[in-house]
Amino acid sequence: MRTVADLIAAGASRLPVDNPRREARLLLARVLGRDPDRLYLRPDELVSAGEEELFFKLISERGALRRPLQYILGTAEFMSLEFEVGPGVMVPRPETEILVERALEVIGGRAVSILDVGTGSGAIAVSLLVYAPRARAMATDLSPRALGIAARNAARHGVADRVEFRCGDLLEPVRGQSFDLVAANLPYIPTGDLAGLEPEVREHEPRLALDGGPDGLDLYRKLIPGVPAALAEGGALLVEISPGQARDVADMMLQAGLVGLEVLSDYSGRDRVVLGRRRVKSASGERD
Ligand SMILES: C[S@@+](CC[C@H](N)C(=O)[O-])C[C@H]1O[C@@H](n2cnc3c(N)ncnc32)[C@H](O)[C@@H]1O
């Protein structure tokens, strides 16, 4: 039998990832049913042969097959909340927290209505509802599988009674309704760039969540013209983009008649979110 410390070192040596010891520790903690932060308290503890076998099976899924760690663990952290994830749903990314944080500023604690287009795991809608307890949301996706996971994430975080999930294309499932805030993190990777992505993304995450067409902007080109009709006066649209797409997406928003545009950067200083607002109409005419 081998010890916890031995197994972490041996597992880490087989992982071609950025932080192999951390990932090996998380996988061993999962096998042993322990808190990963407490594994090192007893580094000489012996691990049973069965547990060792299961640990190396997970190490090879991660190292040889390059399955995303979050799919193996079944969870991902987003906005300090734990979300269920798995095959068929995109792992929420830290960059998307920029969109959620700005949306929370826009909401400012008000009892607003939110639409999350392409909700995936529900990361955006559910975290907005957790941190904006008076808000309500609708969330759409083309993938029934993603919507099933999103619904479980809503229940997990106690917001299921304030969100409705609908399957369909972009705004189609909410036709005729309007919202105070529309958020969208739609596929924006150019088709030609997909082959160059990390194997975790390229081979395991759903193409439906990644492929944005020839220049990555097909989905936004289709979504944005319809957004003003889905926004209440003064309502805001926030979309996540790939750096380099800000100008095109801002132009689409201006073409659609949105005003008050903002481009927000991520933690690496790269354009990541574009915001636009629907004008407020006054009795004397239109003003911004
Ligand atoms: C980049 S993922 C983002 C998921 C989630 N919003 C997040 O931030 O983690 C894009 C999502 O849009 C969904 N999607 C793709 N095309 C769509 C469409 N035409 N209508 C609705 N959802 C779509 C995908 O299934 C996927 O869940």
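How many Å separate a nitrogen atom of the ligand from a polar backbone atom of Thr119? The distance is 3.4 Å. This value, like the others in this report, belongs to a predicted model.

**Overall architecture**

The protein chain contains 11 helices and 13 strands. Along the principal axes, its C-alpha atoms fill a box of roughly 80 × 40 × 35 Å. Of the 288 residues in the protein chain, 51% are buried.

**Ligand surroundings**

The ligand is surrounded by 18 residues. The closest of these are Gly118, Asp141, Asp169, Leu170 and Asn185. Both backbone and side-chain atoms of the protein take part in the polar distances listed below, and the table gives the ligand atom together with its partner in each case.

| Ligand atom | Protein partner | Distance |
|---|---|---|
| Nitrogen | Polar backbone atom of Gly118 | 2.8 Å |
| Nitrogen | Polar backbone atom of Thr119 | 3.4 Å |
| Oxygen | N or O atom in the side chain of Asn185 | 2.9 Å |

Leu170, one of the closest residues to the ligand, is placed in the loop between strand 7 (163-167) and strand 8 (179-184). Its phi is near 45°, a positive value in a residue other than glycine. Leu170 has a relative accessibility of 9% and therefore counts as buried, the limit being under 20%.

**The second largest pocket**

The second largest pocket encloses about 200 Å³ of space. Its lining consists of 13 residues, of which Leu170, Leu171, Glu172, Arg175 and Gly226 are the closest to the pocket centre. Helix 9 (218-223) and helix 10 (227-230) are the elements that give two or more residues to this lining. By residue class, the lining comprises six nonpolar, three polar and four charged residues. Leu170 thus appears in two settings: it is among the closest residues to the ligand, and it is also among the closest to the centre of the second largest pocket.

**Strands 3 and 4 and an aromatic pair**

The structure holds two aromatic pairs. One of them joins Phe78 and Phe83, whose ring centres are 6.1 Å apart and whose planes stand at 75°. Why is the Phe78 and Phe83 pair described as edge-to-face? The angle of 75° between the planes is over 60 degrees, so the pair falls into the edge-to-face class. Phe78 is buried, with a relative accessible area of 0%. Phe83 is likewise buried, and its relative accessible area is 0%.

Met79 is located in the loop between strand 3 (75-78) and strand 4 (81-84). Although Met79 is not a glycine, its phi is positive, at about 50°. The relative accessibility of Met79 is 10%, which is under 20%, so this residue counts as buried.

**A polar contact at Glu45**

Glu45 is found in the loop between helix 2 (20-32) and strand 2 (46-47). Is this residue buried or exposed? With a relative accessibility of 17%, Glu45 counts as buried, because the value is under the 20% limit. The side chain of Glu45 makes a polar contact with the side chain of Arg34, at a distance of 2.6 Å.

Notes: Residues numbered from 1 in each chain as written. Predicted model: local features only at pLDDT ≥ 70, side-chain atom pairs only at ≥ 80, totals over all residues. Heavy atoms only, no water. 1 Å grid on protein atoms, 1.4 Å probe; cavity = no way out; pocket = protein on both sides within 12 Å on 5 of 7 lines; lining within 4 Å. Points joined across faces, edges and corners; volume = space filled by probe spheres on them. Helix = DSSP H or I, 4+ residues; strand = E, 2+ residues; numbered from the N terminus. Nonpolar A, V, L, I, M, F, W, Y, C, P; charged D, E, K, R; others polar. Phe/Tyr/Trp six-rings, centres within 6.5 Å; stacked < 30°, edge-to-face > 60°. Buried < 20%, exposed > 50% of the residue type's maximum accessible area, 1.4 Å probe, protein only. Near = heavy atom within 4 Å. Polar contact = N/O pair within 3.5 Å; in protein donor to acceptor, adjacent residues only side chain to side chain.
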